[in-house]
Amino acid sequence: MNALTEAWPDLGNGLDSAPIVARLTATPGVQRLPSPKLTLFVKRDVLPPELCAELITRIDAVRRPSTIADPNGDSAFRTSETGDLPADDPTVIDTERHIAMLTGLSAAHGEPIQGQRYAVGQEFKAHTDYFDLNGADYHRYCGLSGNRTWTVMLYLNTPEAGGATRFKAVDKMIQPEPGKMVAWSNRRADGSLNPATLHQAMKVRAGVKYVITKWYRELPWRG
Ligand SMILES: O=C(O)CCC(=O)C(=O)O
Ligand SMILES: [Fe+2]
């Protein structure tokens with residue numbers, strides 16, 4: 001914790017969802033998915049439009065082809081571009097603050113914010129955000145900081161067509177809108193990994209789509 005983040009709420013790493021769920025549920029404008037299978041929340045207008053526009057320019061400055069942790073033989077599995085945003089940039093810090101204030105998730109447990117850009121035809125096929133315990137690279141990705149607990153994703157714009165996020169197991173589609181947040185626990189109530197979090201970024205059909213993602217870990221983030 002540093003001088004900046006000590007003023008932010010810290011309700012833990014999210015493995016115990018209860019304090020995060022309580023904070024989100026008590027916040028006006030937050031909607032909860034009505035499903036016992038998946039703890040997922042949506043809130044519109046979390047980031048102001050100017051901040052979304054600034055983040056888009058930051059993503060464009062650092063974007064490179066996206067990768068996946070456990071290559072599965074499908075080279076078209078994730079065709080977007082990705083970039084790590086500079087943690088000391090005031091725009092990025094402001095975004096971090098919005099996320100921390102809304103969710104209460106511990107800044108110390110958060111990975112650096114990533115940006116994603118999808119051009120026409122690009123997608124991220126169905127996956128979970130947690131790392132597969134039997135994956136070849138589990139230790140490389142989770143050895144220092146543990147597995148992922150929560151995902152917080154914010155859309156920065158609306159593509160002209162396509163680009164929704166689909167959660168197949170609960171039959172839910174979320175449409176991109178600038179500043180809209182989707183946040184979910186990657187765990188069940190008992191802390192176990194939840195396969196009902198399976199989701200995909202559907203193909204953009206016209207225009208371009210920008211999002212940022214922030215993931216939280218069991219342990220303080222050390223890389
Ligand atoms: O872009 C989206 O709608 C989903 C992105 C996603 O699932 C991810 O980056 O892990
Ligand atoms: Fe994902």
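1. With 8 C-beta neighbours inside 10 Å, G223 counts as exposed, where a residue is called exposed if 12 or fewer other C-beta atoms lie within 10 Å of its own, buried if there are 20 or more, and partly exposed in between, the C-beta atoms being placed from the backbone. G223 sits in the segment after strand 14; helices (H or I, at least four residues) and strands (E, at least two) are DSSP runs, numbered from the N terminus. Although G223 and R140 are 83 residues apart in sequence, their C-alpha atoms are 9.4 Å apart in space. Not counting residues up to four places away in sequence, G223 touches L144 and S145, and contact here requires that the C-beta atoms of two residues, placed from the backbone, lie within 7 Å.

2. A word on the model itself: it is predicted, and local features need pLDDT of at least 70, side-chain atom pairs count only at pLDDT 80 or more, and totals for chains, interfaces and linings use all residues. Residues are numbered from 1 along each chain as its sequence is written, while chains are lettered from A and ligands numbered from 1 in the order in which they are written.

3. Which residues are around ligand 1? They are Q116, F124, D129, T165, H199, A201, V211 and T213, the criterion being that the C-beta atom, placed from the backbone, lies within 6 Å of the molecule. Strand 12 (199-201) and strand 14 (209-217) are the elements that give two or more residues to this shell. By character, the shell divides into 3 nonpolar, 4 polar and 1 charged, with Ala, Val, Leu, Ile, Met, Phe, Trp, Tyr, Cys and Pro counted as nonpolar, Asp, Glu, Lys and Arg as charged, and the others, Gly among them, as polar.

4. An unreviewed UniProt entry lists residues 109-218 as "domain: Fe2OG dioxygenase"; the positions are given in the numbering used here, feature names are shortened, and such annotations may be inferred rather than shown by experiment. In the model, this span is 5% helix and 41% strand, and its end C-alpha atoms lie 7 Å apart.

5. Helix 3 (residues 90-103) has 14 residues and reaches 20 Å from its first C-alpha to its last, close to the 20 Å expected at 1.5 Å a residue, a figure obtained as 1.5 Å times one less than the number of residues. Its buried residues are V92, T95, E96, I99, A100, L102 and T103. An α-helix has 3.6 residues a turn, so residues three or four places apart point the same way. The buried residues of helix 3 pack against helix 1 (18-25), helix 2 (49-62), strand 7 (148-155), strand 11 (181-185) and strand 14. Just after the helix, G104 takes a positive phi of about 80 degrees.

6. The largest nonpolar core has 34 residues, a core being a set of buried Ala, Val, Leu, Ile, Met, Phe, Trp, Tyr and Cys residues joined through C-beta atoms within 7 Å. Those with the most contacts inside this core are W150, L154, L156, M181, A183 and V211. The elements that give two or more residues to it are helix 1, strand 2 (40-43), helix 2, helix 3, strand 7, strand 11 and strand 14. M181, leaving out residues up to four places away in sequence, touches V42, K43, V46, L102, V152 and L154.

7. Is M153, which is found in strand 7, buried or exposed? M153 is buried, because 22 other C-beta atoms lie within 10 Å. Apart from its neighbours within four places in sequence, M153 is in contact with V182, V211 and T213. V211 and T213 also appear among the residues around ligand 1.

8. R117, in strand 5 (residues 114-118), is likewise buried, with 20 other C-beta atoms within 10 Å. Beyond its neighbours within four places in sequence, R117 is in contact with I59, R63, S80, E81, V208 and Y210. A119, by comparison, lies in the loop between strand 5 and strand 6 (124-127) and counts as partly exposed, having 13 C-beta neighbours inside 10 Å. With neighbours within four places again set aside, A119 is in contact with V204 and V208.

9. Finally, two backbone angles deserve a check. D45, in the loop between strand 2 and helix 2, has a positive phi of about 55 degrees although it is not a glycine, and D45 is exposed, with 12 other C-beta atoms within 10 Å. D171, in the loop between strand 9 (165-167) and strand 10 (172-174), also has a positive phi of about 55 degrees without being a glycine, and its 8 C-beta neighbours inside 10 Å make D171 exposed.
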